[in-house]
Amino acid sequence: MAKLPISNCIRRLRFDAGEMTQKALAEKLGVTRQTVIAIEAGKYSPSLEVAFRIAEVFGVDIGQVFEYQPASAVAAGDQEP
Amino acid sequence: MDLSFHEKSAAISLLAILGTYGYYFYFVFLGLGPSSTPEMLGWMIALVVVLVVVEVLFHIAIAVFNPAEANARTDEREKLILLKSHRVGYLILAAGVMLTLGRILFGSVFAPEEVTLLGIANLLLFSFVAAELGHYGAQLYHYRRGV
């Protein structure tokens with residue numbers, strides 16, 4: 001599976017929010033814990049709605065949660081040792 | 001390994017189908033399967049009963065261990081996985097139907113004695129089973145590797 005062009009810092013945001021568990025975040029978002037795991041691991045890009053809800057849960061702007069990396073940057077990152 | 005209820009459900013269905021219909025086609029490929037369509041009907045009823053019982057029992061078992069997950073609604077990632085895996089199943093089934101159609105049309109022209117109702121029924125059943133295996137296999141792939 002190709003690396004997704006969107007990275008996120010949900011792990012750090014959970015840590016900053018008092019070590020919020022993935023399960024607690026999943027319950028707030030209305031998704032399964034496995035979906036939170038997949039988003040954190042970059043295996044799934046959430047819908048815009050869930051992305052906004054994640055930002056809302058942590059009280060930050062959506063741009064502080066997700067970062068778009070152009071395809072060329074992702075390809076270059078894949079080739080690095 | 002951390003599996004969601006739906007992922008466990010897909011794995012159970014995959015193994016149950018593989019076990020029941022794998023057993024049937026093992027005999028068919030050995031030439032020991034049903035020799036008539038009424039006999040095949042008997043096999044089908046028995047296999048469906050076994051499949052349903054196995055699926056229900058295992059689904060109850062995984063639901064008992066995690067009732068909250070079993071009752072949770074399907075989220076957006078799971079819906080996307082279902083859509084993608086249904087597409088895989090559809091493509092396999094469509095290929096199987098075309099293969100069966102080819103077998104009927106070309107077989108009736110070039111070797112009509114080899115085209116039997118039982119053979120066609122088995123080919124259709126094989127297509128359906130392959131489609132289901134592809135469908136559940138694709139689900140498990142996407143659950144593990146991402147969507």
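1. A residue counts as buried here if 20 or more other C-beta atoms lie within 10 Å of its own. The model under discussion is predicted, and the points below concern chain B, with one on its contact with chain A.

2. By that criterion, helix α5 (residues 117-145) of chain B has these buried residues: B:V129, B:A131, B:G134, B:H135, B:Y136, B:A138, B:Q139, B:H142 and B:Y143. The cover over the buried residues of α5(B) includes α1 (5-30) and α4 of chain B. Over chain B as a whole, 19% of the 147 residues count as buried.

3. Helix α5(B) is 29 residues in length and spans 41 Å from its first C-alpha to its last. That is close to the 42 Å expected at 1.5 Å a residue. After α5(B) comes B:G146, with a positive phi near 105 degrees.

4. The packing of α1(B) on α5(B) can be described in the usual terms. Two packed helices are described by the angle between their axes and the distance between the axes. For α1(B) and α5(B), the angle is about 150 degrees and the axes are 9 Å apart. Angles over 145 degrees count as roughly antiparallel, so α1(B) is roughly antiparallel to α5(B). The crossing of α1(B) past α5(B) is left-handed.

5. On the α1(B) side, this contact is made by B:E7, B:A10, B:A11, B:S13, B:L14, B:I17, B:L18, B:Y21, B:F25 and B:V28. The α5(B) side supplies B:N122, B:F126, B:V129, B:E132, B:L133, B:Y136, B:G137, B:Q139, B:L140 and B:Y143. By type, the residues of the contact of α1(B) with α5(B) are 14 nonpolar, four polar and two charged. Among the α5(B) residues in this contact, B:V129, B:Y136, B:Q139 and B:Y143 are also buried.

6. The secondary structure of chain B consists of five helices and zero strands, giving the pattern α-α-α-α-α along the sequence. Along the principal axes, the C-alpha atoms of chain B fill a box of roughly 55 × 30 × 20 Å. Of the contacts in chain B with a separation of 6 or more, 83% are between residues 24 or more positions apart.

7. The contact between the two chains takes 10 residues from chain B and 10 residues from chain A. Helix α4 (residues 76-110) of chain B gives the largest share of the chain B side, three residues. The chain B side that touches chain A divides into six charged, two polar and two nonpolar residues.

Technical notes. Residues are numbered from 1 along each chain as its sequence is written. Chains are lettered from A and ligands numbered from 1 in the order in which they are written. This is a predicted model: local features need pLDDT of at least 70, side-chain atom pairs count only at pLDDT 80 or more; totals for chains, interfaces and linings use all residues. Two residues are in contact if their C-beta atoms, placed from the backbone, lie within 7 Å. Helices (H or I, at least four residues) and strands (E, at least two) are DSSP runs, numbered from the N terminus. Ala, Val, Leu, Ile, Met, Phe, Trp, Tyr, Cys and Pro count as nonpolar, Asp, Glu, Lys and Arg as charged, and the others, Gly among them, as polar. The expected span of a helix is 1.5 Å times one less than its number of residues. A residue is buried if 20 or more other C-beta atoms lie within 10 Å of its own, exposed if 12 or fewer, and partly exposed in between; C-beta atoms are placed from the backbone. Axes are lines fitted to C-alpha atoms, for helices over the stretch in contact, and angles run from 0 to 180 degrees between N-to-C directions. Angles under 35 degrees count as roughly parallel, over 145 as roughly antiparallel, 65 to 115 as roughly perpendicular and the rest as oblique. A crossing is left-handed if the near helix is turned anticlockwise from the far one by less than a right angle, and right-handed if clockwise.
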